[in-house]
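Have your viewer ready and a selection box open. This tour goes from one helix pair to the next and finishes at a pocket.

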Amino acid sequence: MTTNGDSASPFGTPAVAARTGSTGGEDRPAAFGDDALPDALTSLRAAIGAARFPLVLPSAEPAGRTAAALADQLDDYLIPRLSRLDAPLLVVVGGSTGAGKSTLVNSLVQARVSAAGVLRPTTRSPVLVCNPADSPWFRRGELLPGLTRTNQPSDDPRSLHLVTAPALAPGLAFLDAPDIDSVVDANRALANQLLAAADLWLFVTTAARYADAVPWELLHGARARGAVIALVLDRVPAEATDEVAAHLAEMLAEQDLGAAPLFVLPETWVDGQGLLPDRVTAPLADWFARLAADADARAAVVRQTLGGALAALAPSVESLAVAADEQVTSADALDERVLAAYRAANRMVEQGLRDGRLLRGEVLARWQEFIGTSDFFRSLEARIGRLRDRLTATFSRRPAPAVELRDAIESQLTTLLRGVAAEAAEHAHTGWKAHPAGAALLTPDLAHHSADLPERAERLVRDWQRGVLELVRAEGGDRRFVARTAAYAVNATGLAVMIAVFASTAFIPTGLEVATGAGTTVAGQAVLQAIFGDQAVRTLAAKAREDLLDRVRALLDEEAARYLGRTDQARPAARHATALREAAAQVEAARTRSGFATDDRSGAAA
């Protein structure tokens, strides 16, 4: 509707009033006889407040903004408005910088209540103007509870300057909001928050600014929420009135906003008080006067905007739930990249125990020196008793090779552990770096194994070696050989067990083992069988091997925990998405029962 003084009713067709179910000023819909909807909204507010999006993902920042906007709308408008459907109608006046919002508000209430001027931004804190009879409702602070009520103008954007104007009819209030395209971030954010708390949005634009992108983005948002909208095209040159008004009306129709009332104000002067001439504002003033005088029309506006805002909650909350799911999924994906890297490290250690690689180099040389390979093979032809006596003598005469062999085993295992830990850290670091959330969690030290890993690896090997000796003592405690040969026999047997573990769990040399000299493990097998017997040999080796792998897994788990601890700290609870969906479903069910369910999204003022 375009008007410049049309006296037609602003309240729409009788069907609009009939659709509301209102009989004039009642504070609850006819079907709204319990607290289901307010309780559901309160639960939804709690679920939104609990939702977190800490991982750096493309959806995180938009979700944070959506959550903040929904929380504001619930706190500022939906919950308080549901408690008082008969409260005065709040008209939020918004628009671009320099559109003349404050001058228009002053002119409509016939008093200079909001500062206007050429210095931008002029409106720093919002100004709410109402009839003195309506002042108590707005001072109670239920609507827009986050704004501090003041009686004086303020530069604090979180304050709300309350002004009474006797010329403004009861039942209607104007809120002059900051510019929607202000150069001040806080002003823009506040303008959006205030618009979301409006029963009716009055957008003010000019002949020079009506096609700007920012107002249309907000109009799209209002349209999506089913908000009631009216527009003022201000400062239109007389010669361009028809052309500009027609173009804007065409744009509104293209955006499905053709039913929104459009008031065209010509370019004119202001009087000594900074007010527009009555003849210029008369069409808009009369439209608001009739709205203020008709309780059914006001109720229709409130219910249309409220119903649209309630209907828009479900898709918005679902977008939050999807973002919350993505947070958990991404945290799981980051964990899996770490776990995969360290599982591979464990497999490398297991492989190293199977393929004989640990018997190469220094360990093999020290083992051959220790056991005396040629003498040993010749002794296999002798009796077991003679073999036992020779071993006892050999071990007692040559303690040094045993120490050297033990040190070589420790060095070889430690080198392996350092290598696999370094490779796992590198792979985990690379995996996280390729993920947006992981890259944000990385620190330089995570690219390498822990600084103290070499010391912990050495301690692990020494502890394992002591464990093997204890195992030999426990398994052979009732055997006469161990009892008679005392500690040096236990040590020698323990070393043989370690060598056997390094070669093959089945003690059957493969072609590779023989090629690398690991065939000497047959000697280890013969030693152990001579002392314990074949089955005992297998049991000792299996237990020693499993003990070593358990210790290695614990060490690598500690390394992986450097990564996993970061995701644990950032990981939101999986229940957040479920809580959001359940709360939204409760709101939707309560909305349907309450009578607020409507498909009317015209965005036009009733």
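Is the crossing of H2 and H3 left-handed or right-handed? Keep in mind that you are looking at a predicted model, and begin by selecting helix H2, residues 36-50, together with helix H3, residues 60-83. Look along the pair and you will find that the crossing is left-handed. The two helices pack at an angle of about 160°, and their axes lie 10 Å apart. H2 and H3 are therefore roughly antiparallel to each other.

Now show side chains. From H2, the contact takes in Leu-37, Leu-41, Thr-42, Leu-44, Arg-45 and Ile-48. H3 answers with Ala-67, Leu-70, Ala-71, Leu-74, Asp-75, Leu-78, Ile-79 and Leu-82. Colour this contact by class and you get eleven nonpolar residues, one polar and two charged.

Next, select helix H4 (residues 101-109) and helix H9 (residues 278-293). Here the packing angle is about 65°, with 10 Å between the axes. H4 passes H9 in a right-handed crossing. On the H4 side, pick Leu-104, Ser-107 and Leu-108; they meet Thr-281, Leu-284, Ala-285 and Phe-288 in H9. This contact has five nonpolar and two polar residues, and no charged ones.

For the third pair, select helix H10, residues 295-354, and helix H21, residues 575-594. They pack at about 165°, with axes 9 Å apart, which makes H10 roughly antiparallel to H21. Their crossing is left-handed.

Which residues of H21 should you display here? Choose Ala-577, Leu-580, Arg-581, Ala-584, Val-587, Glu-588 and Arg-591. Facing them in H10 are several residues, including Gly-307, Leu-310, Ala-314, Val-317, Glu-318, Ala-321 and Asp-325. By class, the contact of H10 with H21 comprises 13 nonpolar, one polar and five charged residues.

Last stop: the largest pocket, with a volume of about 580 Å³. Which residues lie nearest its centre? Select Ala-69, Leu-70, Asn-192, Ala-196 and Arg-225, and you have them. Leu-70 will be familiar, as it also belongs to the H3 side of the contact with H2.

Expand the selection to the full lining, which has 23 residues. The elements giving two or more residues to this lining are H3, helix H6 (185-195), helix H7 (213-224) and H10. A final colouring by class shows 13 nonpolar, six polar and four charged residues around the pocket.

Terms used:
Residues numbered from 1 in each chain as written. Predicted model: local features only at pLDDT ≥ 70, side-chain atom pairs only at ≥ 80, totals over all residues. Heavy atoms only, no water. 1 Å grid on protein atoms, 1.4 Å probe; cavity = no way out; pocket = protein on both sides within 12 Å on 5 of 7 lines; lining within 4 Å. Points joined across faces, edges and corners; volume = space filled by probe spheres on them. Helix = DSSP H or I, 4+ residues; strand = E, 2+ residues; numbered from the N terminus. Nonpolar A, V, L, I, M, F, W, Y, C, P; charged D, E, K, R; others polar. Axes fitted to C-alpha atoms, helices over the stretch in contact; angles between N-to-C directions. Parallel < 35°, antiparallel > 145°, perpendicular 65-115°, else oblique. Left-handed = near helix turned anticlockwise from the far one by under 90°. Contact = heavy atoms within 4.5 Å.
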